[in-house]
Amino acid sequence: MLTRNEGFENLTAGYLFPEVAKRRREYQQVHPDAKIISLGIGNTTEPITPHIAKAMSDYIQKLTTKEGYSGYGDEQGLSALRKKIAEVLYKDMATEDEVFISDGAKCDIARIQTLFGRNSKIAVQDPAYPVYVDGSVIVGAAGKASPDGGYEGVTYLPCTAENDFFPDLSVIKPDTLIYFCSPNNPTGVASTREQLAKLVDYALKNGCIIIYDSAYYSFIRNASLPRTIYEIPGARKCAIEINSFSKLAGFTGIRLGWSVVPSELTYSDGVSVKQDWNRVMTTLFNGASNIAQQGGLAALDDEGIKETTALVNYYLDNAKLMQKTLTSSNFSGAGVKVYYTGDSPYLWVYFPGWKSWDIFDKILNECNVVTTPGSGFGPSGEGYVRFSCFGHRSDVEEACRRLQGLKL
Ligand code: MLT
């Protein structure tokens, strides 16, 4: 008999979003007439915009012809798309050969762990997108669960209201893989240039590599905030960036993302990380959908940028409505604190005296609104709930109306 990968035995909880979905399903079974609105998982709701949709549908038509058909493409992605991402989004900060197209940021985050293996040390912001820790547990790098609720091999970097959601870096051991997300999921906070410069400086001095998740960069509206880690001098020597068309263009179902691995980035023995990433992408991955890649190309031309900016603005307007509701006297009178800066799709909300799952259940029961419990993102998320602004406007308005009636 084969033995089980012990990483699975080390996992202490199920994945967060299926657990949220399970509670929603159970509630719906008992209350079949309830019209539940989701402000939970960050799943886009608005249609694919016309210019981008046309590019994909034209390409599908081409695929139906002998001349236009194509099968497997380069595993690293269409050269035209790699080039376009490098030129449009990174300007002179990354080159085409450093951009790798994928089926999304979550998959890249999981695959990237094969580069560093089970002996790597891990540091994560706390709270953090659960894939960083759960993925590290599965590959064996996080070790066993520790009695305090975390994992032995993971350094947790509390990001709290007290430190403006930017962690104390000095606790990170040398030679650590640091997962860092900005604008952050779930706190919604986008790090400043000065903060990211500190992070890069720390990584360079201590032999660390940063996995920089910038899947929400398109929500940044404050022009002084960096939209990529490569705006920070030195980042090309210590950071991999992972990104996605999911939230940018509504591709959560279509699936398309990319990573950037700079040529200068090396392991301790001087071997190129990009060389191994190329090996991973060509061996464990067979290229993103060619249809999706045509959509990606269209999303980055002038018309596409106009459309995606309007799409993201729509969600940001939802967030403003939610911010208004959650800061109204019903909430502020009960001491509820809303953290939201306008550069992210997530509002991070503290309910004093409540455990995250209890306030999640209360909001589901009383308002029929699904949120995401903060404790599911890490120990420092306890007491918080994350509200996502992805939703049809009418649903968000209705959710806000119901939330006004929440008895706190
Ligand atoms: C979230 O809700 O945190 C994310 O949207 C989920 C994901 O992107 O996998």
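Which polar side-chain atom lies 2.8 Å from an oxygen atom of the ligand? To find out, begin at the ligand of this predicted model.

**Stop 1: the ligand and its shell**

Select the ligand together with F17, I41, G42, Y129, N185, Y216, K247, Y346 and R386, the residues around it. By residue class, this shell divides into 5 nonpolar, 2 polar and 2 charged members. Now display the side chain of N185: one of its polar atoms is the one sought, 2.8 Å from a ligand oxygen. Turn next to K247, where an N or O atom of the side chain is 2.7 Å from an oxygen atom of the ligand. At G42, display the backbone, since the side chain is not involved in the next distance. A polar backbone atom of G42 is 2.6 Å from an oxygen atom of the ligand. Taken alone, the ligand exposes 260 Å², and the protein buries 85% of that area.

**Stop 2: the sheet of 7 strands**

Select β2, β8, β7, β6, β5, β3 and β4, which form an open sheet in that order with mixed pairing. Colour β2 (99-102) and β4 (154-158) separately: these strands stand at the edges and have a single partner strand each, so one side of each is left without a neighbour in the sheet. Direction ignored, neighbouring strands of this sheet are turned by 20 degrees against each other on average.

Within the sheet, isolate β7 (residues 239-244) and β8, an antiparallel pair joined by 4 bridges. Label S244 and, opposite this residue in β8, G257.

**Stop 3: backbone features in three loops**

Go to the loop between β3 (121-126) and α6 (131-139), where P127 is found. The peptide bond that joins D126 and P127 is cis, with omega about 10 degrees.

Then select the loop between β5 (176-181) and α7 (193-206), which holds P183. Here a cis peptide bond joins S182 and P183, and its omega is about -10 degrees.

The third loop runs between α8 (246-249) and β8 (257-260) and contains R255. For R255, phi is near 75 degrees, a positive value in a residue other than glycine. For context, most residues other than glycine have a negative phi, and most peptide bonds are trans.

**Stop 4: the sheet of 4 strands and its helices**

Select β9, β10, β13 and β12, an open sheet with antiparallel pairing and the order β9-β10-β13-β12. The edges are occupied by β9 (337-339) and β12 (372-373); each has a single partner strand, so one side of each is left without a neighbour in the sheet.

Focus on β10 (residues 346-350) and β13 (residues 384-388), which run antiparallel and are joined by 5 bridges. Which residue in β13 is the bridge partner of V349? Labelling the pair shows V385 as the partner of V349.

Add helix α11 (residues 302-326), which lies across β9, β10 and β13 and runs at about 15 degrees to β10. Finally, add helix α13 (residues 356-367), which packs on the sheet and touches β12 and β13. The direction of α13 makes about 45 degrees with that of β13.

Notes
Residues are numbered from 1 along each chain as its sequence is written. This is a predicted model: local features need pLDDT of at least 70, side-chain atom pairs count only at pLDDT 80 or more; totals for chains, interfaces and linings use all residues. Side-chain values use heavy atoms; hydrogens and water are left out. A residue is near a molecule or strand if one of its heavy atoms lies within 4 Å of it. A polar contact is a pair of N or O atoms within 3.5 Å; within protein, one must be able to donate a hydrogen and the other to accept it, and residues adjacent in sequence count only if both atoms are side-chain atoms. Accessible areas come from the Shrake-Rupley method with a 1.4 Å probe; for residues, only the protein chains shown count as cover. Ala, Val, Leu, Ile, Met, Phe, Trp, Tyr, Cys and Pro count as nonpolar, Asp, Glu, Lys and Arg as charged, and the others, Gly among them, as polar. Two strands pair if DSSP finds at least two bridges between them. Helices (H or I, at least four residues) and strands (E, at least two) are DSSP runs, numbered from the N terminus. Contact means heavy atoms within 4.5 Å. Axes are lines fitted to C-alpha atoms, for helices over the stretch in contact, and angles run from 0 to 180 degrees between N-to-C directions.
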